Amino acid sequence: MQSYSPQNPLKLGTRGSPLALAQAEDVKARICSAHKLGEDCVEIHTMKTTGDQFTDRPLSAIGGKGLFTKELEQGLYSGEIDIAVHSMKDVATILPDGLMLSSVLEREDCRDAFVSEKYGSIAELPNGAIIGTSSLRRKAQILRQRPDLKIVEFRGLVETRLQKLRDGVADATFLATAGLNRLGRMDLFESGIAHIIDDKDMLPAAAQGAVGIEIRKEDVLLHRFLKPLHHVDTYVAIIAERAFLRELDGSCRTPIAALANVENDKIIMRGQVLSLDGAKFIEGSWKGSDPEALGTQAGLELLSKGAADVLG
């Protein structure tokens, strides 16, 4: 088993955003608790990723998946860090050579939250209201429900987005419930500014709400060391969702949603692809026992029904 000490700490890599740091601190605490280590046995290294550097433009204009992971993966290759902690929805469906997903933490609430200081729900929004979002998935899903709404680009930290709402840049926005929970922002729900959206009304992004730990494949002992943090049902669910995404060639440039749950050793998954304006969509639901096979089958089925034409 791996041995870490203040003189030889485990080097944990993360982005430097408040949410990424909260996730990294959670992973650090879990490692220290599982192996009865002092806090100085795990060292957090923050890295600025491509997605962090360009905050003035849509993610879809910068590139696809990997915008928030590439620099961390380079840190793994160079040995600057031993593990990289990611929000799994940001991780490319095919990992770089020599790297592997070692452990996945138990999933947080994966649903989206509607956030507004003026209105309590999507239904309450007046005709022509302005929605701020940088997510093509959320944009397509909201326009599918409400084609009358106007969408504006909206990126930044939680406080930045809240201030934009106060400044009248938009009437409402969407945030991941998992992120608000991890940041301790339950006050937004308690005050009525944020409201959880049922996943039947807005299907989440694949792997939303899940945190994963990436390592070098050669680090077999480290993989065993991280096993106490691994949540099998979450792992099975996101493997199915990521296989679905991979089959459809999903990236930040494509509106695709997927959600799998494990119930009595069976995987139940729903998936959806939409056109950018939400006018066209194809969706389905599937059951199976092999997550990789289920996600692949689901993706192929939607492609056979014309998903490629919908995605454009």
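A nonpolar core is a set of buried Ala, Val, Leu, Ile, Met, Phe, Trp, Tyr and Cys residues joined through side-chain atoms within 4.5 Å. The model on screen is predicted, and the tour begins with its largest core.

**Stop 1: the largest core**

Select Phe244, Ile256, Met269, Val273, Trp286 and Leu302; within the largest nonpolar core, which has 21 residues, these make the most contacts. Then colour the elements that each supply two or more of its residues: helices H10 (232–247), H11 (291–304) and H12 (307–311), and strands E11 (256–263), E12 (266–274) and E13 (281–288). H10 gives the largest share, five residues.

Centre the view on Phe244. Leaving aside neighbours within four places in sequence, its contacts include Ile256, Met269, Trp286 and Leu302 from the selection above. Gly271, Gly295 and Gly299 are also among the residues that Phe244 touches.

**Stop 2: the three-stranded sheet**

Show E11, E12 and E13 as a cartoon. They form an open sheet in the order E11-E12-E13, with antiparallel pairing. E11 and E13 each have a single partner strand, so each edge strand has one side without a neighbour in the sheet. From one strand to the next the twist averages 10 degrees.

E11 and E12 are joined by eight bridges. To find one of the paired positions, select Ile256 and its bridge partner in E12, Val273.

Now add the helices. H10 lies across E11, E12 and E13 and runs at about 150 degrees to E11. H11 packs on the sheet as well, touching E12 and E13, and its direction makes about 150 degrees with that of E13.

**Stop 3: the five-stranded sheet**

Next, select the strands E2-E1-E3-E10-E4, given here in their sheet order; this open sheet has mixed pairing. Which strands stand at the edges? They are E2 (42–47) and E4 (99–104); each has a single partner strand, so one side of each lacks a neighbour in the sheet. The twist here averages 30 degrees from one strand to the next.

Look at E1 (residues 10–15) beside E3 (residues 83–87): they pair in the parallel sense over two bridges. Leu12 stands opposite Ile83 in E3. Add helix H4 (residues 70–78), which lies across E1, E2, E3, E4 and E10 (211–216) and runs at about 165 degrees to E3.

**Stop 4: an aromatic pair**

The structure holds three aromatic pairs. One of them is Tyr4 with Phe225, an edge-to-face pair at 5.1 Å centre to centre and 70 degrees between the planes. Tyr4 is in the segment before E1 and Phe225 is in helix H9 (residues 220–225), so the pair ties together parts 221 residues apart in sequence. Both rings belong to buried residues: Tyr4 has a relative accessible area of 10%, and Phe225 is at 2%.

**Stop 5: two cysteines**

Finally, select Cys32 and Cys41. How many disulfides does a search of the whole structure find? The search finds zero. For Cys32, the nearest cysteine sulfur is that of Cys41, 6.6 Å away. A disulfide requires sulfur atoms within 2.5 Å, so Cys32 and Cys41 at 6.6 Å do not form one. Cys32 is buried at 9% relative accessibility, and Cys41 is buried with a relative accessible area of 7%.

Note on methods. Residues are numbered from 1 along each chain as its sequence is written. This is a predicted model: local features need pLDDT of at least 70, side-chain atom pairs count only at pLDDT 80 or more; totals for chains, interfaces and linings use all residues. Side-chain values use heavy atoms; hydrogens and water are left out. Buried means under 20% relative accessible area, exposed over 50%, partly exposed in between (1.4 Å probe, protein chains only). Helices (H or I, at least four residues) and strands (E, at least two) are DSSP runs, numbered from the N terminus. Contact means heavy atoms within 4.5 Å. Two strands pair if DSSP finds at least two bridges between them. Axes are lines fitted to C-alpha atoms, for helices over the stretch in contact, and angles run from 0 to 180 degrees between N-to-C directions. Rings of Phe, Tyr and Trp (its six-membered ring) pair if their centres lie within 6.5 Å; planes under 30 degrees apart count as stacked, over 60 as edge-to-face and the rest as tilted.
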